[in-house]
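The following account goes through one protein chain, from its overall fold to single residues. Please keep the sequence and the structure open while reading.

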Amino acid sequence: MLSIIQAAGWPIWPLILCSILALAFAIERFVQLQSRRVLGAQLVDEAIGVSRESVPPPDMVRQLELHSALGEVLAAGWRAINANPRCSPEEMRAAMEAAGRQVAHRLERYLPALATIASAAPLLGLLGTVIGMIEIFGSQAPAGSLSGGNPAQLAHGISVALYNTAFGLIVAIPALILWRYFRARVDGYVLELELAAERFARHLEPLCPGRAADAGAGR
């Protein structure tokens, strides 16, 4: 492998860097996108049970926020009601939606970079091959020479240049598969977060102090 890397020339080094980055991004996403880190088990039911009569104190809100990504979204609703004595259901929902956007953005972390590697690696491999072939043909046909180069040497040089294309595909194909896998996983998580947040928001609406004030003003 080392001899192949040395023979392929300097254009292969950007591909090696891309492969290291893609592996690092994939490992990080595998760790961060575990279900227990994003959703947690029965978290919505537990949060509803705790806040049936009133919103819990700030220390319990903080505990829920640190539980998981879903806990962060649910805690935003509790925090909005605790922080604003005239909080309306609309303001509570807006706080949860803002927290949900932040969570969704964090779930998508490094996915654009992984997609970029999947798109750029074949082009980097092709660039390395073209540069290698330019150098090969330049060395095979010196200026003013009427005789052709050594065919065996020329064939070997072309095969070495093609290492860049092969390595670019070796990097790009797994990166593309991993990107699509993580993209589908994040989309599924976002959908579950939206459904859970909507259910929890309907539960919190009667606890919003602004709703009672609006109802009293309407009468």
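The text below begins with the chain as a whole and then turns to one helix, its neighbours and the charged pairs.

The model is a predicted one. The protein chain contains ten helices and zero strands. Read along the sequence, its pattern is therefore α-α-α-α-α-α-α-α-α-α, where a helix is a DSSP run of H or I with at least four residues. Of the 219 residues in the protein chain, 37% are buried. The chain exposes about 12700 Å², and carbon and sulfur atoms supply 64% of that area. Contacts between distant parts of the sequence are well represented: among contacts between residues at least 6 apart in sequence, 80% join residues at least 24 apart.

Helix α5 is a useful place to start. Which residues of α5 are buried? They are Val61, Leu64 and Glu65. These residues cover an arc of only 100 degrees around the axis, which means that they sit on the same side of α5. Asp59 and Gln63 are exposed on the other side of the helix. The buried residues of α5 pack against two other helices, α4 (43-50) and α6 (69-83).

One of the buried residues, glutamate 65, carries a charged side chain and deserves a closer look. Its relative accessibility is 18%, and it counts as buried because the cut-off is under 20%. The side chain of glutamate 65 forms a salt bridge with that of arginine 62, at 2.8 Å from N to O. Both residues belong to helix α5 (residues 58-65) and are three residues apart, about one turn of the helix. An α-helix has 3.6 residues a turn, so residues three or four places apart point the same way. Arginine 62 has a relative accessibility of 44% and counts as partly exposed, whereas glutamate 65 is buried. Glutamate 65 also makes a side-chain polar contact with the side chain of arginine 79, at 3.0 Å. Leaving aside residues up to four places away in sequence, glutamate 65 touches Gly71, Glu72, Ala75 and Arg79.

Glu72 is also among the residues touched by valine 103. Valine 103 lies in helix α7 and is buried, at 1% relative accessibility. Not counting residues up to four places away in sequence, valine 103 touches Ala69, Glu72, Val73 and Leu193. Valine 103 and leucine 70 are 33 residues apart in sequence, and their C-alpha atoms are 8.2 Å apart in space.

Helix α7 also takes part in a salt bridge. The side chains of arginine 93 and glutamate 198 meet at 2.8 Å, N to O. Arginine 93 lies in helix α7 (residues 89-107) and glutamate 198 in helix α9 (residues 151-204), so the pair ties together parts that are 105 residues apart in sequence. Glutamate 198 is partly exposed, with a relative accessible area of 32%. This pair belongs to a network of salt bridges that links Arg93, Glu198, Arg202 and Glu205.

How many salt bridges does a search of the whole structure find? The search finds ten. Another of them joins the side chains of arginine 29 and glutamate 28, at 2.6 Å from N to O. Arginine 29 has a relative accessible area of 3% and is buried, because this value falls under the 20% cut-off.

Helix α2 (residues 12-32) offers a contrast between two isoleucines. Isoleucine 27 is placed in this helix and counts as partly exposed, at 49% relative accessibility. Together with Leu23 and Val31, Ile27 forms a nonpolar patch on the surface, with about 260 Å² of accessible area for the three residues together. Isoleucine 16 is also placed in helix α2, but isoleucine 16 is buried, with a relative accessible area of 15%. The C-alpha atoms of isoleucine 16 and valine 171 are separated by 8.4 Å, although the two residues are 155 residues apart along the chain.

How values were computed. Residues are numbered from 1 along each chain as its sequence is written. This is a predicted model: local features need pLDDT of at least 70, side-chain atom pairs count only at pLDDT 80 or more; totals for chains, interfaces and linings use all residues. Side-chain values use heavy atoms; hydrogens and water are left out. A salt bridge is a side-chain nitrogen of Lys or Arg within 4 Å of a carboxyl oxygen of Asp or Glu. Buried means under 20% relative accessible area, exposed over 50%, partly exposed in between (1.4 Å probe, protein chains only). Patches are made of residues with over 30% relative accessible area and no salt bridge: like charges are joined within 9 Å, nonpolar side chains (Val, Leu, Ile, Met, Phe, Trp, Tyr) within 5 Å. Accessible areas come from the Shrake-Rupley method with a 1.4 Å probe; for residues, only the protein chains shown count as cover. The arc is that of the directions from the helix axis to the C-beta atoms. Contact means heavy atoms within 4.5 Å. A polar contact is a pair of N or O atoms within 3.5 Å; within protein, one must be able to donate a hydrogen and the other to accept it, and residues adjacent in sequence count only if both atoms are side-chain atoms.
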